[in-house]
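Let's take a friendly walk through this model, starting with a pocket and then moving on to helices and a core. Keep the 3D view open as you read.

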Amino acid sequence: CEGIAYAWKNEAAFRQESILFVLATLIALLGSNTGTEKALLIFSVGFVLIVEILNSAIEAVVDRFGGEYHTLSKAAKDMASAAVFISLFLAAITWILIYLPTLF
């Protein structure tokens, strides 16, 4: 719980994605989706929160132990950020694949 509280207090991206998670959960639960679709929609956005916390943890460790610039520190931060991007992309694809057919 302390990790979630720290992320909420200190990480703007985590707060934004948490709000997105709550809204997405409401949309998924209130939408006319099957149970499997609801689970996929909720878990896809929940996965983004997990990856964001891991990204923040990696950045904190790198900042703690690597005060000076180092290419490996940059690579670690860049890869962690890339993981967040990929998780957001996967969540978007999940939502598109489930909701796009209902729009047409």
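The largest pocket is lined by Gly-3, Tyr-6, Ala-7, Glu-11, Ile-53, Ser-56, Ala-57, Glu-59, Ala-60 and Asp-63. The elements giving two or more residues to this lining are helix H1 (2-10) and helix H3 (35-65), and H3 gives the most, with six residues. Helices here are DSSP runs of H or I with at least four residues, numbered from the N terminus.

A quick word on where this comes from: it's a predicted model, where local features need pLDDT of at least 70 and side-chain atom pairs count only at pLDDT 80 or more, while totals for chains, interfaces and linings use all residues. Residues are numbered from 1 along each chain as its sequence is written, and side-chain values use heavy atoms, with hydrogens and water left out.

Back to the pocket. About 160 Å³ of space lies in it. A pocket is an open set of points on a 1 Å grid over the protein atoms alone, where a 1.4 Å probe fits, with protein on both sides within 12 Å along at least five of seven lines; lining residues have an atom within 4 Å of a point. The volume is the space filled by probe spheres set on the points, which are joined across faces, edges and corners. The lining divides into five nonpolar, two polar and three charged residues. In that split, Ala, Val, Leu, Ile, Met, Phe, Trp, Tyr, Cys and Pro count as nonpolar, Asp, Glu, Lys and Arg as charged, and the others, Gly among them, as polar.

Now for two of the helices. The expected span is 1.5 Å times one less than the number of residues.

| Helix | Residues | Expected span | End C-alpha distance |
|---|---|---|---|
| H2 (12-30) | 19 residues | 27 Å | 27 Å |
| H3 | 31 residues | 45 Å | 45 Å |

In H2, the buried residues (under 20% relative accessible area, with a 1.4 Å probe and protein chains only) are Phe-14, Glu-17, Ser-18, Ala-24, Thr-25 and Ala-28. Seen down the helix axis, they fall within an arc of 130° (taken from the directions from the axis to the C-beta atoms), so they line one face of H2. The face turned away from that side carries Gln-16 and Leu-30, which are exposed (over 50%).

Phe-14 has a relative accessible area of 5%. Its C-alpha lies 6.4 Å from that of Glu-52, although 38 residues separate the two in sequence. Glu-52 is one of the buried residues of H3, which also include Ser-44, Gly-46 and Asn-55. For Asn-55 the relative accessible area is 6%.

Which residues make up the largest nonpolar core? It has seven in all: Ala-24, Ala-28, Leu-41, Ile-42, Val-45, Trp-95 and Ile-98. Such a core is a set of buried Ala, Val, Leu, Ile, Met, Phe, Trp, Tyr and Cys residues joined through side-chain atoms within 4.5 Å. H2, H3 and helix H4 (71-103) each supply at least two of its residues, with the largest share, three residues, coming from H3.

Finally, look at Glu-68, in the loop between H3 and H4. At 54% relative accessibility, Glu-68 counts as exposed. Glu-68 and Leu-100 are 32 residues apart in sequence, and their C-alpha atoms are 47 Å apart in space.
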